[in-house]
Amino acid sequence: MRILKWISLGLASLVLLLLLGIAVLVWLVDPNTFKARIEAEVKKATGRDFALAGDIELGFYPWLALRTGPGSFGNPPGFPPEPMAAWQSAQLGAKLFPLLRGELVVDRVRLKGADLRLVRRADGHGNWEGIGSNEPPPPPGQKARHITVDGVEIEDSRLLFVDEVPPGRRVEITALRLVTDEIAPDEPFTDTQIAGVLHMDGFAPAGVPFKLGVPHAALTQDYSNLAIREYDLAFGAFEARGGVSGNFGQQAKFAGTITTNSFDLRALLTAVGIDAPKTTDPAALTRLQVDTTWKLDGDALVVDPLKLTLDDTHLSGSFHRGGGEDPLGEFSLRGDTLNLSRYVPPTDPDSEPFVLPTAMLKALKFRGVFELEQATLDDVVMKGVTVRLLLDEQGLRNPTPSAASR
């Protein structure tokens, strides 16, 4: 017992001395003296300018933390002169005791005021290429280093993507916020949230706010299988919840559910730069709700059962779209009552008629049956309405209309 006591005291003394040494190092050594060397080493490794404009601070126990003020990481040659990434403050730390055991447990990565600019030139090359490590994977039998991140926090940031490949596009996310819980190898992502304001060509000037929350998402180590038990999504006035699971094999196979709120379709279309069709009743197309289960197998899509509520009309049915080079979609919808007078274009000779977006529908081919218990058009009441629709090279038409009216 006496020997064990002395051994314990000796080990405790060694750990105490080590901790005191680290504390003295943190308190007495100014990390800013290494700033020029850090900047030079990063540039040597990446070929890009790297600057730390703010001071570097070292924290201690229980996290050996590194905090920096403003900084930037430059673009490669042949790209715009502004930096690829800039930030106002950053913090990265490692837990002390696991580090002594040879394990790397990273503290929450905190990034504030980040500005990331991704550019793809017309020749297809992106400014993000060439950053990753070229180190080969560890040989068989050698254990890879276990790295755990306590979480990620990105706040008050911006992400810009400019694609110069014709026809070109620009996507920007402002007020970006990303929060995750612990990230560990082969462990699910938990309590992940991303929010911001999306700006794209044609969108409303203020952009469209969005938010995605995923309490639990499991992704296998080889990125082949994904399982999200539930998610909450908001995009403008549109809100949805559901789940999704499947695999990314040679032919992706996924299945899931989606249930939306009763959202304003007109407002959503306007926000993304699409003119809603003009209707006699301005309140038409302002309440849409969807509840469905779907399956995706390569290019084939099955939506069954499908429940829709459009304003005061309740619909149910299904939609099937085959795969292959020339797929055909088939749908079947049954509804209760529909007042057609609400959706007829207003009789205004000065207004431009609604034009069906044939360019967008050109790639689609579908046929189906639309049934209503009752339809009303002005003073005409129709019972048992059946409309068969066909969209192909000849356009959208009703080959065999039928209805009983009184």
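A residue is called buried when its relative accessible area is under 20%, exposed when that area is over 50%, and partly exposed in between (1.4 Å probe, protein chains only). By that yardstick D115 is buried, and so is R117. The structure in question is a predicted model, so local features need pLDDT of at least 70, side-chain atom pairs count only at pLDDT 80 or more, and totals for chains, interfaces and linings use all residues. Residues are numbered from 1 along each chain as its sequence is written, and side-chain values use heavy atoms, with hydrogens and water left out.

First, the overall picture. The protein chain has 5 helices and 25 strands; these are DSSP runs numbered from the N terminus, with helices being H or I over at least four residues and strands E over at least two. Of its 406 residues, 31% count as buried. The accessible surface comes to about 25400 Å², and carbon and sulfur atoms account for 60% of that; the areas come from the Shrake-Rupley method with a 1.4 Å probe, and for residues only the protein chains shown count as cover. Looking at contacts (heavy atoms within 4.5 Å) between residues at least 6 apart in sequence, 47% join residues at least 24 apart.

Back to D115 and R117, which both sit in strand β9 (residues 115-120). In a regular strand the side chains alternate between the two faces of the sheet. Strand β9 shows this pattern: D115, R117 and V119 point to one face and are buried, while L116, L118 and R120 point to the other and are not. Two strands are taken as paired if DSSP finds at least two bridges between them. On that basis β9 runs antiparallel to strand β5 (residues 85-87), with 2 bridges joining them, and A85 stands opposite L116. Strand β11 (residues 152-163) pairs with β9 too, this time in the parallel sense over 6 bridges, and here R120 stands opposite D163.

Now the charges. Side chains of opposite charge can pair when their charged atoms come close. With a salt bridge defined as a side-chain nitrogen of Lys or Arg within 4 Å of a carboxyl oxygen of Asp or Glu, the count comes to 14. D115 and R117 form one of these, with their closest N and O atoms 2.8 Å apart. R121 and D123 also meet in a salt bridge, at 3.0 Å from N to O. R121 is partly exposed because its relative accessible area is 22%, and D123 falls in that class because its value is 48%. Another salt bridge brings together R367 and E330, at 3.4 Å from N to O. That pair links distant parts of the chain: R367 is in strand β22 (residues 366-377) and E330 in strand β21 (residues 329-339), 37 residues apart. R367, at 40% relative accessibility, counts as partly exposed, and so does E330, at 39%. Salt bridges that share partners also tie D115, R117, R158, R170 and E172 into one network.

R170, a member of that network, lies in strand β12 (residues 169-180). Its relative accessibility of 39% is why R170 counts as partly exposed. Leaving out residues up to four places away in sequence, R170 touches R158, L160, F161, V162, H199, M200 and D201. R170 and D201 are 31 residues apart in sequence, yet 6.7 Å apart in space from C-alpha to C-alpha.

K35, in helix α2 (residues 35-46), tells another story. K35 is buried yet has no salt bridge, and the nearest side chain of opposite charge, D55, is 4.4 Å away; for charge, Lys and Arg count as positive and Asp and Glu as negative, with His and the chain ends not counted. The K35 side chain does reach the backbone oxygen of L52, at 3.4 Å. Beyond residues up to four places away in sequence, K35 touches L52, A53, G54, D55 and I56.

Finally, some backbone oddities. Most residues other than glycine have a negative phi, and most peptide bonds are trans. A cis peptide bond joins P166 and P167, with omega about 10°, and P167 lies in the loop between β11 and β12. Another cis bond joins D304 and P305, with omega about 0°; P305 is in strand β19 (residues 300-310). A175, in strand β12, has a positive phi of about 50° although it is not a glycine. For D378, phi is near 55°, again a positive value in a residue other than glycine. D378 is found in the loop between β22 and β23 (380-392) and counts as exposed because its relative accessibility is 59%.

Notes: A polar contact is a pair of N or O atoms within 3.5 Å; within protein, one must be able to donate a hydrogen and the other to accept it, and residues adjacent in sequence count only if both atoms are side-chain atoms.
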